[in-house]
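Here are some notes to read with the model open beside you. Take the points one at a time, and find each residue on screen before moving on.

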Amino acid sequence: MTKHPKESYSHSQSANICDPIPQLLSSFVDTFVDFSVSGGLFLLPSPPPPPPNTSQPLQTLHSAPDRLVAIGDLHGDLHKSKQALALAGLIDGEGRWTGGSSTVVQIGDVLDRGGDELKILYLLEKLKREAARSGGQVITMNGNHEIMNVEGDFRYVTPRGLEEFRVWADWFTTGNAMKGLCKGLEKEKDPFDGIPVAFPGIKEEFFRGFRSRIAALRPNGPIASRFLSHNLTVVVVGESVFVHGGFLAEHASYGLERINEEVRDWINGLKGRFSPVYMRGRNSLVWLRKFSDGAAKNCDCSALEHALATIPGAKRMIMGHTIQESGISGACNNRAIRIDVGMSEGCGNGLPEVLEITGSSELRILTSNPLYQRKPKYHVGDDRKSGLGLLLQEGGQRQVDVKA
């Protein structure tokens with residue numbers, strides 16, 4: 001029996017209306033999983049992904065913004081991370097972006113030593129999207145702990161950190177199972193494929209957490225590719241060069257854009273199991289300590305000058321990695337600025353401080369340290385705080401703004 005033309009048209013129209021349903025379901029499931037894992041965050045829509053088998057270039061060079069804020073190592077402490085962001089007026093009490101057109105650089109080491117690693121990754125991603133709508137930007141970077149985790153080195157993972165990833169894996173696999181019930185969606189890859197079920201020397205109670213962490217963070221793992229692959233390893237913003245540990249002239253000769261893209265490709269599973277050689281060893285970009293010794297006089301200022309000379313217009317290198325127990329400090333006539341204050345509860349439990357650079361290249365420290373509430377302001381410099389906030393100036397002054 002031949003169908004009436006109107007009946008055929010109606011059936012075709014109905015099929016077209018139903019076409020988007022699988023993708024809508026997938027989007028709903030992803031949003032539900034994100035909300036559950038992130039501690040209740042809703043992310044603004046992300047930009048459309050690039051075409052398959054292509055990569056968008058990572059922007060290594062940025063012009064100087066009117067306001068630049070640099071934040072040091074966060075190490076899994078969500079509470080201190082929010083305190084640092086609030087110090088600079090970047091978020092409100094609900095964690096929403098209030099930084100306007102500010103540019104923020106987080107110097108890496110979100111992972112390890114704490115139990116809120118994923119929540120911080122989600123928060124920074126949320127702020128990236130909100131900042132973009134206000135003309136601002138949030139730049140995230142690789143630290144040595146991001147590199148270690150992608151390589152499967154979990155020496156500094158905490159039980160709470162393992163548990164957070166176990167919970168993520170439960171939600172992620174549940175979401176994949178829900179998608180699998182819908183015809184029209186490709187079957188999701190098993191994130192645990194090839195991962196052992198037991199680990200010698202590890203307590204059985206942590207097996208699931210270890211498996212989940214490997215699944216999430218190994219090259220091309222769901223968390224590695226979604227979040228860490230967008231991190232930069234070196235970035236130049238105006239007159240400031242940012243890197244987690246430090247960079248040498250040889251790194252600049254190799255090419256900063258090339259480094260960023262090769263590390264990204266490795267995290268995305270295109271370059272084997274281990275990171276590029278310039279990310280490993282004591283003189284690597286994320287492990288170097290030549291410019292961050294607690295005593296400024298021990299810094300290798302000659303190597304620093306040689307490295308900065310390779311970047312046109314660069315006046316300073318800003319780095320994390322090495323805890324400055326007395327707070328953000330400068331060395332080599334403020335050509336090296338060290339911003340890791342060990343603020344995480346699992347790594348020093350220091351008071352949050354952030355660095356602010358305004359359009360006039362004025363450097364200020366915004367601190368939560370109450371010892372400075374009745375003290376004059378100081379410029380960043382080669383000084384050390386001692387005892388009850390006494391400043392022992394070695395080569396300059398340290399400007400501090402106290403925020404509640």
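Which residue lies over the face of Y254, and at what distance from the ring centre?

1. **A charge over a ring.** The answer is R258, which lies 3.8 Å from the centre of the Y254 ring. Please keep in mind throughout that this is a predicted model. There is a second case to look for: R213 lies over the face of F154, with 5.5 Å to the ring centre.

2. **Aromatic pairs, beginning with two phenylalanines.** The structure holds 8 aromatic pairs. One of them is formed by F199 and F210, whose ring centres are 5.6 Å apart and whose planes make an angle of 40°, a tilted arrangement. This pair links distant parts of the chain: F199 belongs to the loop between α6 (159–180) and α7 (207–217), while F210 sits in helix α7, 11 residues away. Are these two residues buried or exposed? F199 is buried, at 14% relative accessible area, and F210 counts as buried too, at 15%.

3. **A pair of tyrosines.** Y254, the residue from the opening question, also forms an aromatic pair with Y278. The pair is tilted, at 5.2 Å centre to centre and 50° between the planes. Y254 lies in helix α9 (residues 249–254) and Y278 in the loop between α10 (256–267) and α11 (301–308), so the contact ties together parts that are 24 residues apart in sequence. Their surroundings are worth checking on screen. Y254 counts as partly exposed because its relative accessibility is 31%, whereas Y278, at 11%, counts as buried.

4. **An aromatic cluster.** Now go back to the phenylalanines. F199 and F210 belong to one aromatic cluster together with F154 and F207. You have already met F154 as the ring with R213 over its face.

5. **The disulfide.** How many disulfides does a search of the whole structure find? It finds 1, and this link joins C301 to C332, with an S to S distance of 2.0 Å. As a reminder, a disulfide is a covalent bond between the sulfur atoms of two cysteines. The link of C301 and C332 is left-handed, with -85° about the S-S bond. C301 lies in helix α11 and C332 in the loop between β8 (329–331) and β9 (336–338), so the bond ties together parts 31 residues apart in sequence. The two ends differ in cover: C301 is partly exposed at 31% relative accessibility, and C332 is buried at 7%.

6. **A cysteine without that bond.** Why is C299 not bonded to C332? The sulfur of C299 is 5.2 Å from the one in C332, its closest cysteine sulfur, and that is too far for a bond. C299 counts as buried, at 8% relative accessibility. Another cysteine to find is C182, which is also buried, at 15%.

7. **Strand β10 and its neighbours.** Strand β10 (residues 353–358) is mostly covered, with 5 of its 6 residues buried. It runs antiparallel to strand β2 (residues 67–71), and 4 bridges join the two. Within that pairing, L68 stands opposite I357. β10 also pairs with strand β11 (residues 363–367), again in the antiparallel sense, over 5 bridges. Here L355 faces I365 across the pairing.

8. **The turn between β10 and β11.** The hairpin has 4 residues between its strands, and S361 takes a positive phi near 65°. E362 is found in the loop between β10 and β11 and is partly exposed, at 32% relative accessible area. E362 and R67 are 295 residues apart in sequence, yet their C-alpha atoms are 10.0 Å apart in space.

9. **Helix α3.** Which residues of helix α3 (residues 78–87) are buried? They are L78, K80, S81, A84, L85 and L87. Their cover includes β2, α4 (117–133), β10 and β11, so look for the strands of the previous points here. At the N-terminal end, D77 caps the helix, with a side-chain oxygen 3.3 Å from the backbone nitrogen of H79. Just after the helix, G89 takes a positive phi of about 70°.

Methods
Residues are numbered from 1 along each chain as its sequence is written. This is a predicted model: local features need pLDDT of at least 70, side-chain atom pairs count only at pLDDT 80 or more; totals for chains, interfaces and linings use all residues. Side-chain values use heavy atoms; hydrogens and water are left out. Rings of Phe, Tyr and Trp (its six-membered ring) pair if their centres lie within 6.5 Å; planes under 30 degrees apart count as stacked, over 60 as edge-to-face and the rest as tilted. Buried means under 20% relative accessible area, exposed over 50%, partly exposed in between (1.4 Å probe, protein chains only). A charge sits over a ring if NZ of Lys or CZ of Arg is within 6 Å of the ring centre and within 35 degrees of the ring normal. A disulfide is a pair of cysteine sulfur atoms within 2.5 Å. Two strands pair if DSSP finds at least two bridges between them. Contact means heavy atoms within 4.5 Å. A polar contact is a pair of N or O atoms within 3.5 Å; within protein, one must be able to donate a hydrogen and the other to accept it, and residues adjacent in sequence count only if both atoms are side-chain atoms.
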